[in-house]
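User: I would like to learn how to read the features of a protein model, one at a time. Please give the general idea, then the case at hand.

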Amino acid sequence: MKIDIHTHTKKIKSGDAPTRHVEVEDFQEILRSTDVKILAITNHNHFDVSQYKALRESVAGHTEVWPGIELDILENGKRSHILVIVNPSVVDEFANRTNTLLEGVNADTFTISLDDTVKLFDDLDCVYIAHYLAKKPNLGDAEINKLLGLVANPKRVLKEATNSISAGIYISHGHNSIYGSDVHDWSLYQQQSLDLPELRLPVSSFEQFCLLLEKDEVTINTLLNKKVKESVEIVPFTVADMVKLDIYNDINILFGSKGTGKTDILDSLSKYFNEKGHNTSVYKSNDIHLSDEFDIKGHDFHVTASDLGFNNCTEEINSLKSATDHDVTSLSKYKQYFSYTETNRISQKLKIKNITKEDEGQPGRQLFVIKHIVEKFSEFTAYIHENQNLSKFINEQLLNELQDVLERILGDLKDESEESLVNLQSVKMLNSIIDIFINEIAKKTGTPQKPSRTGFAEYASNRMKLEVQVKKIISNINHRITPMKELAGSLGVKGNLYCVTNLIVQNGSFTDGAYTTVKDVNKTPQKSFSKNLLIIINHLYENSLFEKITELNSIEGIETINSIEDLLLFYRHFTLNDNLYHPSSGESSMILLHKELLDDKEIYLIDEPEKSLGNDYINDVIVPILKEKAALGKKVIIATHDANIAVRTLPYNSIYRLHDQNQYYTMTGNPFSNTLRCIYGSRKELDWKEISMKTLEGGKEAFGERGKIYGN
């Protein structure tokens with residue numbers, strides 16, 4: 001949930017932009033399109049109670065709207081701004097006091113002192129938010145200290161920063177800090193709201209917010225108990241060192257010095273969750289390589305012709321390799337038969353001796369046509385069964401009717417196919433019997449056989465069949481394959497990295513050395529096969545055809561080429577902005593972590609994800625994803641030395657491993673209560689902020705020095 005403590009709903013000062021004014025209907029529409037759950041209205045030197053109530057009512061149930069005002073402070077001869085936000089329960093009294101204070105004054109010139117401000121509003125259960133440093137016009141440290149001395153509860157005084165980075169620096173230095181939109185144009189608010197502070201604890205009222213500022217332990221525990229958690233017992237070290245932890249369905253940070261056993265705890269948690277039926281493992285950046293993760297060398301890469309949308313041509317290739325010629329009957333056989341004078345008495349008496357064979361071509365062609373039709377109908381039927389999208393656009397009854405019709409058609413075609421096969425086999429059997437009969441007559445009578453056919457039909461049919469097969473093979477070889485593109489991950493401002501797999505069928509002329517064979521086949525027979533295929537198609541109706549087929553079969557390794565799949569080549573690589581890209585080791589770490597976090601899991605166990613990563617990438621890419629996983633109720637357990645991860649995620653659970661005087665301690669706490677307590681109570685509690693600064697930032701002094709540099 002987002003919070004915005006600084007908004008304007010009216011143009012009050014002469015320098016205010018007209019776009020600061022917002023109508024109730026627009027306010028309602030804009031707010032309901034955001035995740036802003038708490039919003040304070042703080043117009044310059046002005047409070048309109050009627051507008052406040054109308055706006056509050058319009059977003060009731062979605063956003064808590066708090067009354068407030070932005071006052072011009074005059075202190076030590078210097079003008080500055082302060083926000084005063086009060087409890088909504090006293091809005092009418094607040095309205096009365098602001099009306100009395102501002103009646104008849106000019107908003108551009110009005111000023112008030114800190115003393116008068118506190119005297120007028122402090123009993124209204126209010127929060128003060130002062131412009132600080134880069135947030136102009138700002139109160140100086142002297143004015144802030146005076147304000148802290150005037151108010152009844154100094155914990156209700158916050159310093160307003162310009163953005164999340166500034167607020168983070170202030171907070172790390174012990175300041176209570178927050179920032180708001182200070183909206184200038186409501187048409188841009190939806191986008192601006194994405195950068196607003198996020199309340200990690202589900203605050204539902206002004207009173208809870210104030211108790212949270214005071215780090216009220218009862219309130220914090222009440223809010224934390226609303227979150228789902230699982231109590232686990234693990235033994236990462238020895239049986240005597242059993243560790244009991246509450247693991248939230250949120251971000252859980254494990255931190256401590258090197259060698260304190262954080263990785264052991266992660267491994268033990270993985271074992272615990274696996275025994276509970278989850279499939280978990282600990283992500284360790286040093287254990288994985290990007291090229292292995294995406295199998296760049298293709299050791300486990302498999303793809304089929306059907307996956308790529310072309311025919312494998314297994315039958316055609318094997319038929320071509322085993323093809324033989326059909327001889328034409330020579331004229332000498334006709335001459336021998338017709339010039340022979342029949343003298344044998346038995347032969348003269350035979351009544352049946354000139355029997356004509358049946359034509360095998362016609363039933364064979366019919367069977368081929370039916371087979372082709374069955375193949376197409378089967379493909380269409382399979383498409384209908386497999387395509388889940390059809391039911392979204394076509395009436396279910398129509399689909400059922402279509403499937404029923406297709407099944408009946410396939411049934412009829414099957415019957416026709418069987419009948420044609422029987423006819424073909426019957427003709428072949430009859431012709432075989434005729435051959436036997438004629439041979440026997442010739443043997444008994446010494447009469448030359450009359451040629452039963454010229455052989456021209458078989459010769460031509462064989463050549464045409466080979467032509468169809470060769471053309472089909474070549475057509476599928478020339479099939480263009482769309483590259484396979486898989487998102488590898490984000491490289492931040494550089495863009496998205498993709499893993500691309502380029503595929504091509506060897507056509508006899510392809511020579512790119514970067515490509516590797518998909519199957520366990522050498523490149524040489526691939527290329528030679530396709531080259532010879534192009535030669536064969538140019539000799540289909542020449543006497544040398546079968547010499548060329550013999551040359552094809554003499555290729556070394558030809559036995560490995562039995563389908564189009566055996567001719568496949570692939571090249572897998574990474575691309576950035578559609579250009580070939582070789583990610584560095586640091587970028588590889590970015591991608592691997594990004595991929596790990598994008599996988600949809602219930603439990604994420606991550607060991608030192610910051611290794612080889614830049615702070616900007618962690619801050620801009622990784623931290624938002626971690627927060628997103630937390631919002632989805634995932635268990636995220638991270639061992640880290642990085643402050644961006646350990647602090648900026650505002651974890652519900654911080655697990656600190658302490659090594660002190662040869663003893664190891666496990667302590668738990670959170671940034672909300674600012675405490676870390678030993679799980680066995682054998683050590684006094686520690687300050688979460690101080691320990692975090694010491695462990696993650698090198699200590700308060702080192703961080704303070706960097707803070708001064710940032711400030712300068």
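Analyst: What follows goes from the whole chain to one sheet, then to a helix and some single residues. The model is predicted.

User: How many helices and strands are there in the chain?

Analyst: The chain has 26 helices and 22 strands. Of its 712 residues, 46% are buried. Among contacts between residues at least 6 apart in sequence, 71% join residues at least 24 apart.

User: How do I read a sheet, and in what order do the strands of the open sheet come?

Analyst: Strands of a sheet pair through backbone hydrogen bonds, and the pairing is either parallel or antiparallel. Here 8 strands form an open sheet with mixed pairing, in the order β11-β17-β18-β10-β19-β20-β21-β22. The edge positions are held by β11 and β22 (686–687); each has a single partner strand, so one side of each has no neighbour in the sheet.

User: Which strands does β17 run parallel to?

Analyst: One is β11 (residues 282–284), joined to β17 by 3 bridges in the parallel sense. In that pairing, V282 is opposite L605 of β17. The other is β18 (residues 635–639), which runs parallel to β17 over 5 bridges. There, Y604 has V636 of β18 as its bridge partner. Between β17 and β18 the chain passes through helix α23 (residues 615–631), and this β-α-β crossover is right-handed.

User: What lies on from β18 in the sheet?

Analyst: In the strand order, β10 comes after β18. The two pair in the parallel sense over 4 bridges, and L254 stands opposite A639 of β18.

User: Is strand β17 enclosed or open?

Analyst: The way to tell is to look at how many of its residues are buried, with under 20% relative accessible area as the cut-off. For β17 (residues 603–607), 5 of the 5 residues are buried, so the strand is largely enclosed by the rest of the structure. Taking the faces in turn, I603, L605 and D607 are buried on one side, and Y604 and I606 are buried on the other.

User: Which helix lies across β17?

Analyst: Helix α10 (residues 262–275) lies across β10, β11, β17, β18 and β19 (653–660), and it runs at about 160° to β17.

User: Let us go back to the crossover helix. What does α23 reach from its first C-alpha to its last?

Analyst: With 17 residues, α23 reaches 23 Å, close to the 24 Å expected at 1.5 Å a residue.

User: Where does the kink lie in α23?

Analyst: A kink of about 35° lies at I622, shortly before the proline P624.

User: Which residues of α23 are buried, and what do they pack against?

Analyst: The buried residues of α23 are Y617, I618, V621, I622, V623, I625, L626, K629 and A630. They pack against β10, β12 (484–490), α22 (585–598), β17, β18 and α24 (643–646). After α23 comes G633, with a positive phi near 80°.

User: How should I read a single loop residue? Is D250 buried or exposed?

Analyst: Place it in the fold, then check accessibility and contacts. D250 sits in the loop between β9 (243–248) and β10 (251–256). At a relative accessible area of 1%, D250 is buried. Apart from neighbours within four places in sequence, its contacts are R200, K227, A630, K634, K635, V636 and Y652. One of these, A630, is also among the buried residues of α23.

User: And what of D108?

Analyst: D108 is in the loop between α3 (91–102) and α4 (114–121). Its relative accessibility is 31%, so D108 counts as partly exposed. D108 touches K13, S14 and R79, leaving out residues up to four places away in sequence.

User: What backbone geometry should I look out for?

Analyst: Most residues other than glycine have a negative phi, and most peptide bonds are trans. In this model, D182 has a positive phi near 50°, and D182 is buried, with a relative accessible area of 11%. Q661, in the loop between β19 and β20 (663–670), also has a positive phi near 50°, but Q661 counts as exposed at 71% relative accessibility. A cis peptide bond joins K136 and P137, with omega about -15°. P137 is in the loop between β5 (127–131) and α5 (141–150).

Note on methods: Residues numbered from 1 in each chain as written. Predicted model: local features only at pLDDT ≥ 70, side-chain atom pairs only at ≥ 80, totals over all residues. Heavy atoms only, no water. Buried < 20%, exposed > 50% of the residue type's maximum accessible area, 1.4 Å probe, protein only. Contact = heavy atoms within 4.5 Å. Pairing = 2+ DSSP bridges. Right-handed = clockwise from strand over helix to strand, strands pointing away. Axes fitted to C-alpha atoms, helices over the stretch in contact; angles between N-to-C directions. Expected span 1.5 Å × (residues − 1). Bend = angle between axes of the 7 residues up to and from the residue.
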